Amino acid sequence: MKFLRLGDAGAEQPAVLAASPDGTERAYSLLPLTRDIDGAFLADDGAARVRAALAAGELPALDPAGLRIGAPVARPRSVIGIGLNYADHAAEAGAEVPTVPVVFLKPTSTVAGPFDPAPHPAPGGKYDWEAELAVVVGRDAHLLPTVAAAAECIAGYACANDLSEREWQMGAAGQWTKGKSAPGSTPLGPWLVPADEADPADLRVRSWVNGEARQDSRTADLVFSPAELVHHVSQYMLLEAGDVILTGTPAGVALSGRFPYLAPGDTVEVEVEGLGRQRCTLAAERAEVTSGAR
(Lines give C-alpha, C1' and ligand atoms only; values in the text may rest on other atoms or scores of the structure.)
Protein backbone atom coordinates (compact mmCIF):
# COMPACT_ATOMS: atom_id res chain seq x y z
CA MET A 1 0.00 0.00 0.00
CA LYS A 2 0.98 3.58 -0.62
CA PHE A 3 -0.87 6.31 1.26
CA LEU A 4 -1.20 9.68 -0.44
CA ARG A 5 -3.27 12.86 -0.23
CA LEU A 6 -4.85 14.30 -3.37
CA GLY A 7 -6.25 17.73 -4.12
CA ASP A 8 -5.61 21.43 -3.70
CA ALA A 9 -3.45 22.56 -0.80
CA GLY A 10 -5.53 22.63 2.35
CA ALA A 11 -8.30 20.53 0.78
CA GLU A 12 -6.56 17.22 0.15
CA GLN A 13 -8.48 13.95 0.37
CA PRO A 14 -6.92 10.76 1.73
CA ALA A 15 -6.26 7.91 -0.67
CA VAL A 16 -4.35 4.68 -1.04
CA LEU A 17 -2.67 3.04 -4.00
CA ALA A 18 -3.12 -0.71 -3.87
CA ALA A 19 -3.53 -3.74 -6.09
CA SER A 20 -7.00 -4.09 -7.61
CA PRO A 21 -8.73 -7.47 -8.11
CA ASP A 22 -7.18 -7.70 -11.60
CA GLY A 23 -3.71 -7.15 -10.17
CA THR A 24 -3.17 -3.60 -11.44
CA GLU A 25 -2.42 -0.77 -9.03
CA ARG A 26 -5.38 1.57 -8.52
CA ALA A 27 -6.25 4.49 -6.29
CA TYR A 28 -8.99 4.19 -3.67
CA SER A 29 -10.58 6.85 -1.50
CA LEU A 30 -10.06 6.57 2.25
CA LEU A 31 -12.94 8.90 3.10
CA PRO A 32 -15.07 5.99 4.37
CA LEU A 33 -12.39 5.48 7.04
CA THR A 34 -10.88 8.88 7.79
CA ARG A 35 -11.05 12.57 6.91
CA ASP A 36 -7.27 12.74 6.50
CA ILE A 37 -4.00 10.88 6.81
CA ASP A 38 -2.93 12.39 10.11
CA GLY A 39 -1.66 11.40 13.51
CA ALA A 40 -5.07 10.25 14.75
CA PHE A 41 -5.52 7.96 11.74
CA LEU A 42 -2.03 6.47 12.06
CA ALA A 43 -2.35 5.92 15.81
CA ASP A 44 -5.71 4.16 15.39
CA ASP A 45 -4.25 1.22 13.43
CA GLY A 46 -4.87 3.07 10.18
CA ALA A 47 -2.87 0.71 7.99
CA ALA A 48 -4.61 -2.38 9.36
CA ARG A 49 -8.04 -0.82 8.91
CA VAL A 50 -7.23 0.08 5.31
CA ARG A 51 -6.09 -3.47 4.55
CA ALA A 52 -9.31 -4.84 5.98
CA ALA A 53 -11.43 -2.37 4.02
CA LEU A 54 -9.60 -3.18 0.80
CA ALA A 55 -10.06 -6.91 1.33
CA ALA A 56 -13.77 -6.35 1.93
CA GLY A 57 -14.15 -4.15 -1.14
CA GLU A 58 -15.40 -1.27 0.97
CA LEU A 59 -13.27 1.53 -0.54
CA PRO A 60 -14.50 3.32 -3.67
CA ALA A 61 -12.14 3.61 -6.62
CA LEU A 62 -10.73 7.08 -7.21
CA ASP A 63 -9.40 8.65 -10.41
CA PRO A 64 -6.26 10.62 -9.47
CA ALA A 65 -5.76 12.08 -12.95
CA GLY A 66 -5.25 15.82 -12.81
CA LEU A 67 -5.24 15.98 -9.02
CA ARG A 68 -2.37 17.60 -7.15
CA ILE A 69 -0.42 15.27 -4.87
CA GLY A 70 0.06 16.77 -1.43
CA ALA A 71 2.42 15.74 1.35
CA PRO A 72 1.40 12.17 2.31
CA VAL A 73 0.73 13.09 5.94
CA ALA A 74 -1.29 16.12 7.08
CA ARG A 75 0.73 18.94 8.60
CA PRO A 76 2.70 17.33 11.43
CA ARG A 77 3.09 18.97 14.80
CA SER A 78 6.89 18.58 14.61
CA VAL A 79 9.44 18.10 11.84
CA ILE A 80 12.71 16.90 13.33
CA GLY A 81 15.89 16.99 11.28
CA ILE A 82 19.03 14.93 11.83
CA GLY A 83 22.35 16.38 10.72
CA LEU A 84 25.56 14.69 9.55
CA ASN A 85 24.05 11.20 9.65
CA TYR A 86 26.16 9.88 6.75
CA ALA A 87 29.93 9.74 7.25
CA ASP A 88 30.61 10.89 3.69
CA HIS A 89 28.40 13.96 4.13
CA ALA A 90 30.10 14.82 7.44
CA ALA A 91 33.43 14.64 5.62
CA GLU A 92 32.34 16.95 2.79
CA ALA A 93 30.97 19.39 5.39
CA GLY A 94 34.31 19.38 7.21
CA ALA A 95 32.76 17.91 10.36
CA GLU A 96 33.47 14.90 12.53
CA VAL A 97 31.14 11.93 12.32
CA PRO A 98 28.83 12.45 15.33
CA THR A 99 28.84 10.02 18.23
CA VAL A 100 25.29 11.05 19.15
CA PRO A 101 22.63 12.29 16.71
CA VAL A 102 22.66 15.96 15.74
CA VAL A 103 19.05 17.11 16.15
CA PHE A 104 17.32 20.26 14.93
CA LEU A 105 13.73 21.35 14.32
CA LYS A 106 12.08 22.65 11.18
CA PRO A 107 8.85 24.67 11.23
CA THR A 108 5.86 22.70 10.00
CA SER A 109 5.28 25.49 7.47
CA THR A 110 8.21 24.01 5.55
CA VAL A 111 6.23 20.88 4.59
CA ALA A 112 5.10 20.92 0.95
CA GLY A 113 3.79 18.55 -1.67
CA PRO A 114 6.32 16.54 -3.67
CA PHE A 115 5.67 18.43 -6.91
CA ASP A 116 4.84 21.88 -5.56
CA PRO A 117 6.95 24.86 -6.66
CA ALA A 118 9.58 25.54 -3.99
CA PRO A 119 10.15 29.19 -3.04
CA HIS A 120 13.81 30.19 -3.36
CA PRO A 121 14.67 32.35 -0.34
CA ALA A 122 15.48 35.96 -1.09
CA PRO A 123 18.14 37.23 -0.64
CA GLY A 124 19.49 33.75 0.11
CA GLY A 125 22.36 32.80 -2.17
CA LYS A 126 23.41 29.36 -0.94
CA TYR A 127 20.28 27.24 -1.25
CA ASP A 128 21.10 23.53 -1.18
CA TRP A 129 19.33 20.21 -1.72
CA GLU A 130 19.35 17.19 0.61
CA ALA A 131 17.80 13.87 -0.42
CA GLU A 132 16.57 12.03 2.66
CA LEU A 133 14.62 9.09 3.99
CA ALA A 134 11.79 10.41 6.16
CA VAL A 135 10.29 8.53 9.11
CA VAL A 136 6.65 9.14 10.06
CA VAL A 137 5.81 8.47 13.70
CA GLY A 138 2.74 6.31 14.28
CA ARG A 139 2.04 6.81 17.98
CA ASP A 140 2.96 9.20 20.75
CA ALA A 141 6.38 8.34 22.14
CA HIS A 142 8.38 9.70 25.06
CA LEU A 143 11.27 8.16 26.99
CA LEU A 144 11.14 4.97 24.98
CA PRO A 145 13.05 2.24 26.85
CA THR A 146 14.72 0.50 23.90
CA VAL A 147 15.46 0.80 20.20
CA ALA A 148 13.12 -2.16 19.64
CA ALA A 149 10.30 -0.22 21.29
CA ALA A 150 11.11 2.74 19.06
CA ALA A 151 10.80 0.60 15.94
CA GLU A 152 7.24 -0.25 16.98
CA CYS A 153 6.41 3.47 16.97
CA ILE A 154 7.23 3.98 13.26
CA ALA A 155 4.14 4.22 11.03
CA GLY A 156 6.03 4.30 7.76
CA TYR A 157 8.55 5.93 5.48
CA ALA A 158 8.57 8.59 2.77
CA CYS A 159 10.90 10.46 0.45
CA ALA A 160 11.97 13.97 1.48
CA ASN A 161 14.15 16.89 0.42
CA ASP A 162 15.58 19.02 3.23
CA LEU A 163 16.23 22.22 1.28
CA SER A 164 18.76 24.28 3.26
CA GLU A 165 19.99 27.88 3.03
CA ARG A 166 23.66 27.45 3.99
CA GLU A 167 24.45 31.14 4.55
CA TRP A 168 21.63 31.31 7.09
CA GLN A 169 22.77 28.02 8.59
CA MET A 170 26.53 28.50 8.69
CA GLY A 171 27.30 32.14 7.87
CA ALA A 172 28.40 34.89 10.23
CA ALA A 173 25.00 35.03 11.92
CA GLY A 174 24.03 31.48 11.01
CA GLN A 175 22.16 28.88 13.02
CA TRP A 176 20.82 25.48 12.00
CA THR A 177 17.20 26.53 12.54
CA LYS A 178 17.61 29.68 10.44
CA GLY A 179 19.00 27.71 7.53
CA LYS A 180 16.28 25.07 7.66
CA SER A 181 13.16 27.23 7.98
CA ALA A 182 12.32 28.65 4.54
CA PRO A 183 8.65 28.11 3.59
CA GLY A 184 8.16 25.05 1.41
CA SER A 185 11.65 23.75 2.14
CA THR A 186 10.55 20.21 3.03
CA PRO A 187 8.93 18.62 -0.04
CA LEU A 188 7.54 15.33 1.25
CA GLY A 189 6.25 12.30 -0.64
CA PRO A 190 4.74 11.33 -2.99
CA TRP A 191 3.71 8.42 -0.77
CA LEU A 192 3.80 7.11 2.75
CA VAL A 193 4.62 3.39 2.72
CA PRO A 194 3.67 1.48 5.89
CA ALA A 195 6.58 0.35 8.03
CA ASP A 196 5.77 -3.33 7.58
CA GLU A 197 5.99 -2.95 3.80
CA ALA A 198 9.35 -1.15 3.62
CA ASP A 199 12.75 -2.17 4.95
CA PRO A 200 14.78 1.01 5.61
CA ALA A 201 18.03 -0.88 6.13
CA ASP A 202 19.38 -0.60 2.58
CA LEU A 203 17.42 1.72 0.28
CA ARG A 204 19.00 3.66 -2.56
CA VAL A 205 18.83 7.46 -2.07
CA ARG A 206 19.39 9.71 -5.10
CA SER A 207 19.03 13.30 -6.25
CA TRP A 208 19.34 15.24 -9.50
CA VAL A 209 19.54 18.95 -10.32
CA ASN A 210 18.34 19.93 -13.78
CA GLY A 211 18.63 16.28 -14.78
CA GLU A 212 22.25 15.91 -13.62
CA ALA A 213 23.01 13.32 -10.94
CA ARG A 214 24.12 14.70 -7.59
CA GLN A 215 23.63 12.16 -4.77
CA ASP A 216 23.65 8.37 -5.00
CA SER A 217 23.94 6.45 -1.75
CA ARG A 218 22.18 3.86 0.38
CA THR A 219 20.56 3.98 3.80
CA ALA A 220 22.91 1.16 4.82
CA ASP A 221 25.44 3.97 5.26
CA LEU A 222 23.38 5.83 7.88
CA VAL A 223 25.33 6.43 11.08
CA PHE A 224 22.16 6.06 13.17
CA SER A 225 19.23 3.93 11.98
CA PRO A 226 15.63 5.19 11.90
CA ALA A 227 14.74 3.25 15.05
CA GLU A 228 17.83 4.54 16.86
CA LEU A 229 16.83 8.09 15.94
CA VAL A 230 13.26 7.65 17.19
CA HIS A 231 14.60 6.23 20.45
CA HIS A 232 17.14 9.03 20.88
CA VAL A 233 14.78 11.90 20.09
CA SER A 234 12.11 10.47 22.43
CA GLN A 235 14.50 10.97 25.35
CA TYR A 236 14.33 14.75 24.87
CA MET A 237 10.87 15.52 23.51
CA LEU A 238 7.42 14.06 23.08
CA LEU A 239 7.11 12.59 19.62
CA GLU A 240 3.49 12.72 18.52
CA ALA A 241 1.73 10.54 15.98
CA GLY A 242 2.16 12.08 12.54
CA ASP A 243 5.48 13.75 13.36
CA VAL A 244 8.22 13.50 10.73
CA ILE A 245 11.91 12.75 11.30
CA LEU A 246 14.31 13.50 8.44
CA THR A 247 17.14 11.00 8.82
CA GLY A 248 19.94 12.98 7.17
CA THR A 249 21.49 13.29 3.73
CA PRO A 250 24.45 11.58 2.03
CA ALA A 251 27.33 13.28 0.22
CA GLY A 252 26.76 15.15 -3.02
CA VAL A 253 25.30 18.49 -1.98
CA ALA A 254 26.40 21.98 -3.05
CA LEU A 255 28.04 22.55 0.34
CA SER A 256 30.76 20.17 -0.86
CA GLY A 257 32.00 22.81 -3.30
CA ARG A 258 31.66 20.39 -6.21
CA PHE A 259 28.38 21.84 -7.48
CA PRO A 260 26.75 25.27 -7.73
CA TYR A 261 24.02 26.23 -5.30
CA LEU A 262 20.42 26.33 -6.48
CA ALA A 263 18.97 29.29 -8.33
CA PRO A 264 15.38 30.21 -9.26
CA GLY A 265 14.31 28.07 -12.20
CA ASP A 266 16.38 25.05 -11.19
CA THR A 267 14.60 21.71 -10.84
CA VAL A 268 15.49 19.25 -8.08
CA GLU A 269 14.45 15.60 -8.13
CA VAL A 270 14.79 13.26 -5.15
CA GLU A 271 14.11 9.53 -5.02
CA VAL A 272 14.23 6.91 -2.29
CA GLU A 273 13.99 3.34 -3.51
CA GLY A 274 10.45 2.03 -3.15
CA LEU A 275 9.15 5.33 -1.79
CA GLY A 276 8.73 7.24 -5.04
CA ARG A 277 10.34 10.17 -6.78
CA GLN A 278 9.55 13.84 -6.26
CA ARG A 279 10.30 16.89 -8.39
CA CYS A 280 10.22 20.58 -7.49
CA THR A 281 11.17 23.69 -9.42
CA LEU A 282 12.62 26.65 -7.55
CA ALA A 283 10.64 29.89 -7.81
CA ALA A 284 11.79 33.32 -6.66
CA GLU A 285 10.20 34.06 -3.30
CA ARG A 286 8.06 37.17 -3.22
CA ALA A 287 8.24 39.36 -0.17
CA GLU A 288 4.83 40.19 1.29
CA VAL A 289 4.53 43.73 2.60
CA THR A 290 1.67 44.79 4.80
CA SER A 291 1.07 48.54 5.05
CA GLY A 292 -1.49 50.73 6.75
CA ALA A 293 -1.93 53.22 9.57
CA ARG A 294 -1.84 52.04 13.14
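Select Asp 36 to begin: in this predicted model it has a relative accessibility of 16%, and because buried means under 20%, Asp 36 counts as buried. Add Arg 5 to the selection, and its side chain is found to meet that of Asp 36 in a salt bridge, with 2.7 Å from N to O. The two residues come from distant parts of the chain, 31 residues apart, with Asp 36 in the loop between strand S3 (25-29) and helix H1 (39-43) and Arg 5 in strand S1 (residues 2-6). Arg 5 is likewise buried, its relative accessible area being 6%.

Next, select Arg 51 and Asp 196, whose side chains also form a salt bridge, again at 2.7 Å from N to O. Here the partners stand 145 residues apart, Arg 51 belonging to helix H2 (residues 46-55) and Asp 196 to the loop between strand S15 (193-194) and strand S16 (204-209). Colouring by accessibility would show Arg 51 as partly exposed, at 31% relative accessible area, and Asp 196 as exposed, at 59%.

From there, move to Asp 162 and Lys 180, a salt bridge in which the closest N and O atoms are 2.8 Å apart. Asp 162 sits in the loop between strand S12 (154-161) and strand S13 (164-165), while Lys 180, 18 residues away, lies in the loop between helix H6 (176-179) and strand S14 (186-187). Both Asp 162 and Lys 180 are buried. Extend the selection to Lys 106, Asp 128, Glu 130 and Arg 166, which together with Asp 162 and Lys 180 are linked in a network of salt bridges. Over the whole model, the count of salt bridges comes to 22.

Now turn to the nonpolar residues. The largest nonpolar core has 41 residues, and the members that touch the most others are Trp 129, Val 230, Leu 239, Leu 262, Val 268 and Leu 275. Among the elements that each supply at least two residues of this core are strand S6 (79-83), helix H7 (226-234), strand S19 (267-272) and strand S20 (276-284), and S11 gives the most, with 4 residues.

Centre the view on Leu 275 and display its contacts: leaving aside residues up to four places away in sequence, Leu 275 touches Leu 133, Tyr 157, Ala 158, Cys 159, Pro 190, Trp 191, Val 193, Ala 198 and Leu 203. As a last stop, select Leu 30, Val 73, Ala 155 and Ala 158, which are among the 23 residues of another core that lies apart from the largest one.

Notes:
Residues numbered from 1 in each chain as written. Predicted model: local features only at pLDDT ≥ 70, side-chain atom pairs only at ≥ 80, totals over all residues. Heavy atoms only, no water. Salt bridge = Lys/Arg side-chain N within 4 Å of Asp/Glu carboxyl O. Buried < 20%, exposed > 50% of the residue type's maximum accessible area, 1.4 Å probe, protein only. Core = buried A, V, L, I, M, F, W, Y, C linked by side-chain atoms within 4.5 Å. Contact = heavy atoms within 4.5 Å.
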